[in-house]
Amino acid sequence: MERIIIFDTTLRDGEQSPGVGFTTKEKLEIAKQLEKLRVDVIEAGFPASSPGDFEAVREVSREVKNPVITALARAVPSDIKKAGEALREARKGRIHVFIATSPIHMKYKLKKTPAEVLRLAQEGVRMAKEYASEVEFSPEDASRSDPAFLYEVISAAIEEGAGIINIPDTVGYSVPEEFRALIQGIMKNVPDMEKIILSVHCHNDLGMATANSLSAIKGGARQIECTINGIGERAGNASLEEIVMALKTRQDFFEFSTNVNTSEIYRTSRLVSRLTGMPVQPNKAIVGRNAFRHAAGIHQDGVLKETTTYEIMTPSSIGLEEGELVLGKLSGRHALKERLRRLGFRLTDSQFEAVFKTFKELADKKKEVFDEDLIFIVEEQTFHIPEVYSLEYIHTVSGNQILPTATVRIRKKDEVFQEAACGDGPIDAAYKAIDRVTGLKANLLDYSIRSVTGGKDALGEVMVKIETEDGIVTGRGVSTDIIEASAKAYINAINRLIYRREK
Ligand SMILES: [Zn+2]
């Protein structure tokens with residue numbers, strides 16, 4: 001069966017989600033997980049956009065060897081040169097050159113004539129060929145471009161050596177039948193299309209990114225650009241998990257396969273959600289919390305009798321396992337080690353000991369420790385951001401008849417600081433006390449709390465987004481005590497800010 005190439009752009013377009021910014025280490029962590037997921041291509045970044053992004057693309061090229069590593073570049077020499085340099089150590093590097101071809105973009109954004117755009121596209125692809133073994137070309141805003149001009153530009157890019165032509169629905173304007181016709185038109189009217197790979201990149205502004213991408217496959221596209229959890233600019237991109245599971249579940253209809261190891265989908269989704277600070281909506285297809293939950297009595301009854309009555313996919317096909325062995329206070333090292341191994345973690349002895357210690361502390365507070373709890377513990381322990389500040393002690397007093405106050409004791413290397421403050425509530429008071437210790441003035445943009453697992457003894461997970469003059473960072477904290485989780489999340493954000501500043 002012919003394969004569809006899965007091109008993941010979580011690290012590039014996904015990073016363009018408002019409020020999202022990855023550190024190099026975070027990009028690397030996601031790239032390694034994408035490698036496990038067996039995507040074919042990883043778009044690691046846009047090296048000319050910032051020194052940090054250049055560094056991240058270089059690091060991913062160096063460390064992640066199975067997928068093709070792609071770097072984005074405008075059709076300008078300095079961008080292409082930077083992309084080429086960042087990809088130098090890639091086993092297989094690809095430069096993705098783009099220039100807008102729609103009348104609106106050419107006139108107002110580029111202020112260039114079609115003839116100039118055509119020439120820049122040719123020069124860009126030609127130059128990129130000198131720096132990378134593969135070149136992909138995108139006529140930006142293709143779906144709003146004049147088809148005749150689109151054919152001309154694509155044909156010129158192929159002549160210059162582009163091996164992949166990507167058709168973006170940049171503003172998410174297209175609808176499935178129309179987008180398929182656009183792809184078919186290109187296949188029919190551009191010479192030598194059989195020699196190259198046609199790709200699509202759809203945005204979700206009207207909720208049709210997945211539908212448009214799948215429709216394009218029927219029209220001749222063989223590469224799909226997508227992101228984990230569908231994150232990306234504005235309403236996001238086509239979601240990888242939806243594309244992959246649609247192709248797998250409806251293989252009878254599409255007659256294509258992918259190389260993706262679907263049992264890594266859930267873990268990848270959680271990792272991206274954690275590192276972006278963007279929770280997955282509960283009813284999100286495939287990876288939402290409710291995607292495999294049956295509430296109606298008739299449905300539950302049916303599923304118990306025969307799962308296929310209401311389930312078109314199994315939870316295990318995306319790596320969502322029912323916990324078999326219950327871990328608790330009495331579980332020892334061996335049981336924990338075995339469970340962590342099954343969850344796909346490979347820890348060093350010292351990392352394992354740290355995880356074990358936290359696990360024991362948690363098991364004392366909770367009856368059962370779930371797989372999800374363990375994933376959080378491990379992530380917290382192996383988190384690569386140095387803990388410049390750490391919370392030693394927190395005490396808050398609140399109520400509707402008193403002024404909420406908080407006292408915190410925070411360690412910074414060998415020094416210990418203690419401060420107190422009052423606020424609108426205990427969390428606000430705690431944040432003010434922390435601000436006094438760090439001396440940083442942070443503006444809290446977003447605060448969210450949810451329980452990681454069910455029940456009254458659940459772990460609470462707090463995500464915060466703070467803004468300082470250095471930009472926006474997210475932080476995360478987990479505890480069975482929500483005030484402590486809130487303080488930890490805030491301190492985590494500050495540590496990440498310091499880390500970023502030092503970089
Ligand atoms: Zn995009």
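Visitor: What makes S12, S13 and S14 an open sheet?
Guide: In this predicted model, the three strands line up in the order S12-S13-S14, with antiparallel pairing. Strand S12 (443–451) and strand S14 (471–479) stand at the edges, and each has a single partner strand, so one side of each is left without a neighbour in the sheet. From one strand to the next, the twist averages 15 degrees.

Visitor: How do you know that S13 and S14 pair?
Guide: Pairing needs at least two bridges between the strands. Strand S13 (residues 460–468) and S14 are joined by 9, and they run antiparallel. The count meets the cut-off, so the two strands are called paired. One bridge sets Met463 against Arg476 in S14.

Visitor: Which helix lies across S12, S13 and S14?
Guide: Helix H11 (residues 265–276) does, and its direction makes an angle of about 120 degrees with S14.

Visitor: Why is Ser269 called buried?
Guide: Ser269 lies in helix H11. Its relative accessibility is 1%. Buried means under 20%, so Ser269 qualifies. Beyond its neighbours within four places in sequence, Ser269 is in contact with Ile228, Asn229, Val280 and Val287.

Visitor: How is the chain divided?
Guide: Into domain 1 (2–276), domain 2 (292–320), domain 3 (324–384) and domain 4 (389–502). The C-alpha centres of domain 1 and domain 3 lie 38 Å apart.

Visitor: Why is strand S7 called mostly covered?
Guide: S7 spans residues 197–202, and 5 of its 6 residues are buried.

Visitor: What makes strand S6 a partner of S7?
Guide: Strand S6 (residues 164–169) and S7 share 6 bridges in the parallel sense. At least two are required, so this counts as a pair. Asn166 stands opposite Ser199 in S7. From S6 the chain passes through helix H7 (residues 176–189) to S7, a right-handed β-α-β crossover.

Visitor: What joins S7 to strand S8?
Guide: S7 and S8 (residues 223–226) run parallel and are joined by 3 bridges. That also satisfies the minimum of two, so S7 and S8 pair. Ser199 has Gln223 as its bridge partner in S8. S7, helix H8 (residues 209–219) and S8 make a right-handed β-α-β unit.

Visitor: Which residues does UniProt list for "binding site"?
Guide: The unreviewed UniProt entry lists Asp13, His201, His203 and Asn237. They span 225 residues in sequence, yet no two of their C-alpha atoms are more than 10.2 Å apart, so they gather at one spot.

Visitor: Is His201 buried or exposed?
Guide: His201 lies in strand S7. At 5% relative accessibility, against a limit of 20%, His201 counts as buried. Not counting residues up to four places away in sequence, His201 touches nine residues' worth of listed contacts, including Asp13, Asn166, Glu225 and Asn237.

Visitor: Where is Asn237 found?
Guide: Asn237 sits in the loop between S8 and helix H9 (240–249).

Visitor: How do you know that Asn237 is buried?
Guide: The relative accessibility of Asn237 is 2%. The cut-off is under 20%, so Asn237 is buried. Leaving aside neighbours within four places in sequence, the contacts of Asn237 include Thr9, Cys202, Ala209 and Gly230. Also among them are Asp13, His201 and His203, which UniProt lists for "binding site".

Terms used:
Residues numbered from 1 in each chain as written. Predicted model: local features only at pLDDT ≥ 70, side-chain atom pairs only at ≥ 80, totals over all residues. Heavy atoms only, no water. Helix = DSSP H or I, 4+ residues; strand = E, 2+ residues; numbered from the N terminus. Axes fitted to C-alpha atoms, helices over the stretch in contact; angles between N-to-C directions. Contact = heavy atoms within 4.5 Å. Domains from an automatic or database assignment. Buried < 20%, exposed > 50% of the residue type's maximum accessible area, 1.4 Å probe, protein only. Right-handed = clockwise from strand over helix to strand, strands pointing away. UniProt positions renumbered as here; feature names shortened; annotations may be inferred.
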